[in-house]
Amino acid sequence: MLSRAILAASRNDTVKAVVANAPVSRSVVKRFVAGEKAEDAVAATRALIDAGLTVSLDHLGEDTLDVGQADATVKAYLVLLQRLGEAGLAADGRAEVSVKLTAVGQSIDRSMAVDNARRICEAARNAGTTVTLDMEDHTTTDATLEAVRTLRMDFPDTGAVLQAYLHRTEADCRDLAHAGSRVRLCKGAYKEPESVAYQSDSDVDRSYVRCLKVLMAGDGYPMVATHDPRLVAIADRLADPRPQGSYEYQMLYGIRPGEQRRLAAAGETVRVYVPYGDEWYGYLMRRLAERPANITFFLRALATTS
Ligand code: FDA
């Protein structure tokens with residue numbers, strides 16, 4: 001009900017104009033989105049790297065059915081990677097990029113989307129960095145993991161994302177916990193049916209811990225993407241005896257910035273996921289609509305900097 005109301009409101013042009021221009025929402029947006037242009041993304045990246053953090057940049061936009069739009073998204077990534085390279089921010093993977101396959105054409109033609117992702121991987125390699133393929137709703141999981149396997153033949157450092165709320169994920173972790181394999185583990189952001197996903201917070205958390213155990217005990221490079229203090233503490237224990245730098249923490253731009261800096265000051269690698277681009281409105285509204293918990297998630301972030 002609430003989700004439907006938010007989505008209906010998000011499609012209304014008057015609501016959009018009011019939300020986009022109200023001073024309070026501009027400051028809310030600034031908190032979670034780096035800006036609309038590549039130079040805004042580069043500036044936010046520089047500030048985070050100067051603060052001892054690393055970055056993954058996401059050009060906003062997803063689920064296009066338009067070949068021209070998919071191509072424009074690829075070009076936006078190419079421009080961004082070139083600028084990051086010129087600014088010396090991409091070297092050693094300090095700033096990498098995250099890509100949604102549906103933003104580069106997965107819903108139009110899978111092989112076109114993989115070719116588009118390959119163009120981004122090539123630009124990332126030229127800039128000295130890597131690409132991680134974001135994970136979307138469960139109907140795309142197999143195709144996205146297949147794309148990761150294909151891209152890794154030429155770009156072995158391509159990152160995969162697994163979502164702990166899916167029943168299948170512990171098995172996927174076992175498949176992907178091999179040497180050289182970069183795997184981001186998150187809880188999962190989409191509204192998924194009971195047939196494929198755990199529904200209660202405690203079941204999702206328990207699955208996250210089981211998955212993390214597999215990844216931390218394996219030979220790959222786990223990327224622990226959560227703001228949950230209990231899971232961060234458990235990750236810290238499970239990481240022992242791994243050396244710092246053989247795994248990393250990841251959090252979203254604007255969420256728990258104090259914790260991001262605390263972990264970095266303790267010697268951990270912390271990567272901040274930074275969305276940018278002019279599709280910020282849809283991004284925020286969809287995140288709010290997908291899971292009612294996301295509303296609390298953003299409101300909590302506004303109330304705290306720790
Ligand atoms: P959750 O939102 O359940 O919060 C758990 C606890 O964390 C709270 O109870 C509270 O204690 C604490 N907390 C959270 N926010 C706080 C705040 N602002 N201040 C203080 N405490 C706070 N999803 C997906 O489906 N595909 C993807 O590719 C990605 N990619 C991705 C990358 C990165 C880097 C991150 C961090 C996340 C994603 N996600 C994602 C989103 C992810 O699946 C999930 O929806 C959100 O991260 C929220 O889940 P949390 O694990 O943070 O816990």
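Analyst: Before we start: two rings of Phe, Tyr or Trp (its six-membered ring) pair if their centres lie within 6.5 Å, with planes under 30 degrees apart called stacked, over 60 edge-to-face and the rest tilted. This is a predicted model, where local features need pLDDT of at least 70 and side-chain atom pairs pLDDT 80 or more, while totals for chains, interfaces and linings use all residues. Residues count from 1 along each chain as its sequence is written, and side-chain values use heavy atoms, leaving out hydrogens and water.

User: How many aromatic pairs turn up in the whole structure?

Analyst: Just one. Tyr247 and Tyr249 sit 6.0 Å apart, centre to centre, with 85 degrees between the planes.

User: What makes the Tyr247 and Tyr249 pair stacked, tilted or edge-to-face?

Analyst: The 6.0 Å falls within the 6.5 Å limit, and 85 degrees is over 60, so the pair counts as edge-to-face. Tyr247 and Tyr249 are both buried, meaning under 20% relative accessible area (1.4 Å probe, protein chains only).

User: Why does the Met135 approach to the ligand count as a polar contact?

Analyst: A polar contact is a pair of N or O atoms within 3.5 Å. A backbone N or O of Met135 lies 2.8 Å from a ligand nitrogen, so the pair qualifies. Gly188 uses a backbone N or O at 2.6 Å from a ligand oxygen, and Thr226 puts a polar side-chain atom 2.6 Å from a ligand oxygen. The protein covers 85% of the 960 Å² of accessible area (Shrake-Rupley, 1.4 Å probe) that the ligand has on its own.

User: How many residues surround the ligand, and which are closest?

Analyst: There are 26, each with a heavy atom within 4 Å; the closest are Met135, Lys187, Gly188, Thr226 and His227.

Note on methods
Polar contact = N/O pair within 3.5 Å; in protein donor to acceptor, adjacent residues only side chain to side chain. Buried < 20%, exposed > 50% of the residue type's maximum accessible area, 1.4 Å probe, protein only.
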